[in-house]
Amino acid sequence: MKPATFTYHSCRTVEEAVGHLGAAADAKVICGGQSLVPMMNLRLANPTDLVDLNRIPGLDAVDVGPAGITVGATARQHTVEISPAVGAAAPMLVAALGHVGHPQIRNRGTVVGSLCHADPAAEMPAVFATLGGSVTAQGPGGTRTIGAADFFDSYLTTSLAADEIATAVTFDSPPPGSGWSFEEVTRRHGDFAIVGVVTLVAVTGGSVAQARITVFGGGGTPQRMAAAEQLLVGTARADVDEELLRSAGAAVSSDLTPTGDIHGSAAYRRHVAGVLVTRGLRTALDRARD
Ligand SMILES: Cc1cc2nc3c(=O)[nH]c(=O)nc-3n(C[C@H](O)[C@H](O)[C@H](O)COP(=O)(O)OP(=O)(O)OC[C@H]3O[C@@H](n4cnc5c(N)ncnc54)[C@H](O)[C@@H]3O)c2cc1C
């Protein structure tokens, strides 16, 4: 299928791009085009204008510093995936990228585009919800930062305004020595997750100081599972046994309210999420260093 006609703008500055977004009736940013173009071809999206950021100098930077990993709007998923500095700072991010579609998709698709697309079954939003951090957004009124907890509104919807561009995302650095895991169930490698779980555990002074559990594919946005997290926080590492890990999984199964679809029923997603939480926490604890 072919998309409906649209006006194409290849921009050289962010200000120029913001101007086009504000002026057109229904303009959309395009970066990798790996989600937007299929939607346009299927006529699920019919923008009047496409605002291309790819030729704006400097937007493709990837910087790793003490505070976090900053990825510019046009940096490709593959560039981040093969960065040794990113791999050392946040191995969870690199592991998750290996599950995003296929190499051909990641050569073109962007990390920021994946966040802006906000598919609830996508891997990058779940990593962002787990590590925390912020998106830098630029609109007609200037620049603002949007924290990870406030970025995803609902299915395919973020808190970005229609005339705002996400110029970069910063993923917070994981706590030193923390362990992590990434688990997902798909019908085929490279598919979007039927359901997936990202965990991060920090152990300090013999006790679990932080536990973060995010489920994706289990609702309209990636979800932090507070009740299950609280079961672990403050517990002595020596007391975190199989029974506690299973209780955390059971808490997630009980708290999750997914919808069913042709890929899996709601009950199946609840069950699998619980199993993945137990498994993922085991891995994260094994990786954690006090
Ligand atoms: C066959 C196939 C398999 C795939 N499998 C997976 C998968 O398993 N997991 C997964 O997560 N993804 C998957 N994808 C999607 C892929 O990862 C996309 O690259 C990603 O979702 C969007 O990134 P993009 O740069 O291509 O965004 P685009 O397609 O260019 O844009 C996507 C949306 O985000 C908006 N947008 C993009 N960038 C910005 C910005 N800087 N500021 C404001 N708005 C912006 C666009 O307007 C559009 O609405 C798959 C795609 C294909 C074609």
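**A tour from the α11–α12 crossing to the ligand**

Begin with helices α11 and α12, where α11 passes α12 in a right-handed crossing. (A crossing counts as right-handed if the near helix is turned clockwise from the far one by less than a right angle, and as left-handed if anticlockwise.) The model is predicted: local features need pLDDT of at least 70, side-chain atom pairs count only at pLDDT 80 or more, and totals for chains, interfaces and linings use all residues. Residues are numbered from 1 along each chain as its sequence is written, and side-chain values use heavy atoms, with hydrogens and water left out.

Select residues 242–255 for α11 and 266–287 for α12; their axes come within 7 Å and cross at roughly 145 degrees. Axes are lines fitted to C-alpha atoms, for helices over the stretch in contact, and angles run from 0 to 180 degrees between N-to-C directions. Helices (H or I, at least four residues) and strands (E, at least two) are DSSP runs, numbered from the N terminus.

Now show the side chains between the two helices. On α11, the residues that meet α12 include Leu-245, Ala-248, Gly-249 and Val-252; on α12, the residues that meet α11 include Ala-273, Gly-274, Val-277 and Leu-281. Contact means heavy atoms within 4.5 Å. The residues of this contact divide into 7 nonpolar, 5 polar and 4 charged. Here Ala, Val, Leu, Ile, Met, Phe, Trp, Tyr, Cys and Pro count as nonpolar, Asp, Glu, Lys and Arg as charged, and the others, Gly among them, as polar.

Next, colour the open sheet of 4 strands, ordered β11-β12-β13-β14 with antiparallel pairing. Two strands pair if DSSP finds at least two bridges between them. The edge strands, each pairing on one side only, are β11 (179–185) and β14 (223–224). Between β11 and β12 (residues 195–204) there are 7 bridges; pick Glu-184 and Gly-196 in β12 will stand opposite. On this sheet packs α12, touching β11, β12 and β13 (207–216), with its direction at about 155 degrees to that of β11.

Move to the other sheet, which is open and has 3 parallel strands in the order β1-β3-β2. The edges are β1 (7–10) and β2 (27–30), each with a single partner strand, so one side of each has no neighbour in the sheet. Neighbouring strands are turned by 25 degrees against each other on average, direction ignored. Over 4 bridges, β2 pairs with β3 (residues 49–52); select Ala-27 to find its bridge partner Asp-49 in β3. Across β1, β2 and β3 lies α1 (residues 14–23), at about 150 degrees to β2.

Then centre on the ligand. Which residues come nearest? Val-29, Gln-34, Leu-36, Thr-110 and Glu-123, out of the 31 around the ligand, where a residue is near if one of its heavy atoms lies within 4 Å. Backbone atoms lie 2.9 Å from a ligand oxygen at Cys-31 and 2.8 Å at Gln-34. At Ser-35 a polar side-chain atom lies 2.8 Å from a ligand oxygen.

Finish at His-117 in helix α7 (residues 111–117). His-117 and Leu-36 are 81 residues apart in sequence and 8.3 Å apart in space, C-alpha to C-alpha. Leaving out residues up to four places away in sequence, His-117 touches Ser-35, Met-39 and Leu-156.

How values were computed. Polar contact = N/O pair within 3.5 Å; in protein donor to acceptor, adjacent residues only side chain to side chain.
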